[in-house]
Amino acid sequence: MPEGHSVHRLARQFDDVFGGQVLAVSSPQGRFASAAKLIDGARLATSHAHGKQLFLGFENDLVLRVHLGLYGAWSFGGDEHFTGASSIGAPRKVGETEQGPDAEAGPYQGPPEPVGQVRARLVSAHGWADLRGPSACEVLTHREAGLVRSKLGPDPLTAAAGEFELAKGRGTALEHQRAARAARKEFVSRLAGKKTPVGTALMDQAVLAGVGNIYRAETLFRTRIDPFTPSCDISARKAGLLWDDIVSIMSDGVRDGKIITTRPEHRGPGPVWPQNAYYAYQRQGAGCRLCSRSISLTEVAGRKLYWCPGCQRTSGTRG
């Protein structure tokens with residue numbers, strides 16, 4: 001499942017290549033056909049991500065909500081005006097990186113024939129986007145979309161999204177700064193109210209929106225927090241520092257299009273990605289980059305949890 005940085009990159013991409021344009025919306029597969037008619041021929045007004053969910057707002061006051069889930073992915077194509085488009089999603093195939101457009105595809109001649117089960121197709125004068133395999137794809141009113149977002153926790157990429165909006169001339173620096181501060185405060189409060197281990201809480205989208213297994217493992221390592229520590233036992237100061245670290249590494253992901261959490265001084269020989277990209281994720285049995293212990297692996301709530309028993313020790317907890 002793509003983590004939050006990928007969905008924020010999607011939101012930016014839709015803004016760049018479709019923003020302000022009238023879109024033809026269809027469902028080659030057929031499962032989305034009736035909903036597609038509601039926004040077919042409407043102009044795209046807004047493009048926002050909240051955690052792992054994408055919200056595309058149209059000028060007819062309807063919103064397309066997409067959650068890629070485990071198998072969903074977008075693919076894009078178009079002419080020379082349709083810049084910056086690449087395939088995003090399905091990280092099991094592309095390893096939390098993106099596939100750029102095919103440089104040898106030849107001149108743009110309009111959307112190709114749909115390949116596979118295309119749930120939704122969006123077409124502008126200059127390009128197209130195909131959606132396959134999402135766990136959710138629906139058209140909502142603004143009120144309904146607001147209810148969905150109200151059930152999600154704060155998004156660590158609130159500040160990054162604000163910077164993008166500001167660069168587009170939308171909103172003010174003060175408004176975006178206030179939103180980022182409010183998100184941090186909300187996370188600290190929500191974490192304090194949970195008795196579950198922090199390693200579990202970080203994956204709860206009602207506590208924190210957008211963090212998946214990679215960012216969970218990496219930020220807990222970087223902040224030296226035992227993943228089995230009850231969330232409510234983490235001080236407000238430590239929770240704030242945890243938030244700040246998540247913001248930092250996820251913002252890097254938005255910028256780079258891939259997840260790299262290691263600092264240069266902690267990397268070994270070879271390329272940065274993927275050999276030197278992580279401290280703990282998928283490094284079970286390998287030596288810790290900072291201490292003499294080996295990275296451990298266990299399963300918690302049906303997901304694999306990676307951590308270092310040496311670097312992430314807390315008195316009185318497992319490790």
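Is Cys308 buried or exposed? With a relative accessibility of 0%, Cys308 counts as buried, because residues under 20% fall in that class. The tour returns to this cysteine later; the model in the viewer is a predicted one.

**The whole chain**

Begin with the entire protein chain selected. It contains nine helices and 11 strands. Its radius of gyration is 20 Å, close to the 20 Å that the globule rule gives for 319 residues, so the chain is as compact as a globular protein of that length. Measured out along the principal axes, a box of roughly 60 × 40 × 35 Å holds the C-alpha atoms.

Switch next to a surface display. The protein chain exposes about 14700 Å², and carbon and sulfur atoms supply 50% of this area. Of the 319 residues, 48% are buried. Where contacts join residues at least 6 apart in sequence, 61% of them link residues at least 24 apart.

**The four-stranded sheet**

Select strands 2, 3, 4 and 9. Together they form an open sheet with the order 2-3-4-9 and antiparallel pairing. Which strands stand at the edges? They are strand 2 (44-50) and strand 9 (136-141); each has a single partner strand, so one side of each is left without a neighbour in the sheet. On average, neighbouring strands of this sheet are turned by 20 degrees against each other, direction ignored.

Now narrow the selection to residues 53-58, which are strand 3, and residues 62-67, which are strand 4. These two strands pair in the antiparallel sense over five bridges. Within this pair, show Phe55 and look across to strand 4, where Arg65 stands opposite.

Add residues 4-18 to the view. This is helix 1, which lies across strand 2 and strand 3. The helix runs at about 170 degrees to strand 2.

**Helix 5 and its cover**

Move to residues 158-167, helix 5. Which of its residues are buried? They are Ala160, Gly162, Phe164 and Glu165. To see what covers them, display helix 1 and strand 2 again, then add helix 6 (173-192) and helix 9 (236-256); the cover includes these four elements. Just after helix 5, select Gly169, where phi is positive at about 80 degrees.

**The loop between helix 9 and strand 10**

Follow the chain onward from helix 9. Pro274 lies in the loop between helix 9 and strand 10. Show this residue with Trp273: the peptide bond from Trp273 to Pro274 is cis, with omega near 5 degrees.

Gln282 belongs to the loop between helix 9 and strand 10 as well. Although Gln282 is not a glycine, its phi is positive, at about 55 degrees. With a relative accessible area of 51%, Gln282 is exposed, because the class begins over 50%. As background to both stops, most residues other than glycine have a negative phi, and most peptide bonds are trans.

**The hairpin of strands 10 and 11**

Select residues 296-300 and 303-307. These are strand 10 and strand 11, paired in the antiparallel sense over five bridges. Val300 stands opposite Arg303 in strand 11.

The hairpin has two residues between its strands. Ala301 is in this loop between strand 10 and strand 11. What is the phi of Ala301? It is near 55 degrees, a positive value in a residue other than glycine. Ala301 counts as exposed, at 69% relative accessibility.

From Ala301, draw a distance to Gly41. The two residues are 260 apart in sequence, and their C-alpha atoms are 44 Å apart in space.

**The cysteines**

For the last stop, select the cysteines. How many disulfides does a search of the whole structure find? The search finds zero. Cys308 is in no disulfide, and the nearest cysteine sulfur, that of Cys291, is 3.5 Å away. Since a disulfide requires sulfur atoms within 2.5 Å, this separation does not qualify.

Finally, centre the view on Cys311. Its nearest cysteine sulfur belongs to Cys288, at 3.6 Å, and Cys311 is in no disulfide either. Cys311 is buried, with a relative accessible area of 16%.

Note on methods
Residues are numbered from 1 along each chain as its sequence is written. This is a predicted model: local features need pLDDT of at least 70, side-chain atom pairs count only at pLDDT 80 or more; totals for chains, interfaces and linings use all residues. Side-chain values use heavy atoms; hydrogens and water are left out. Two strands pair if DSSP finds at least two bridges between them. Axes are lines fitted to C-alpha atoms, for helices over the stretch in contact, and angles run from 0 to 180 degrees between N-to-C directions. Contact means heavy atoms within 4.5 Å. The radius of gyration is taken over C-alpha atoms; the globule rule is 2.2 Å times the number of residues to the power 0.38. Buried means under 20% relative accessible area, exposed over 50%, partly exposed in between (1.4 Å probe, protein chains only). Accessible areas come from the Shrake-Rupley method with a 1.4 Å probe; for residues, only the protein chains shown count as cover.
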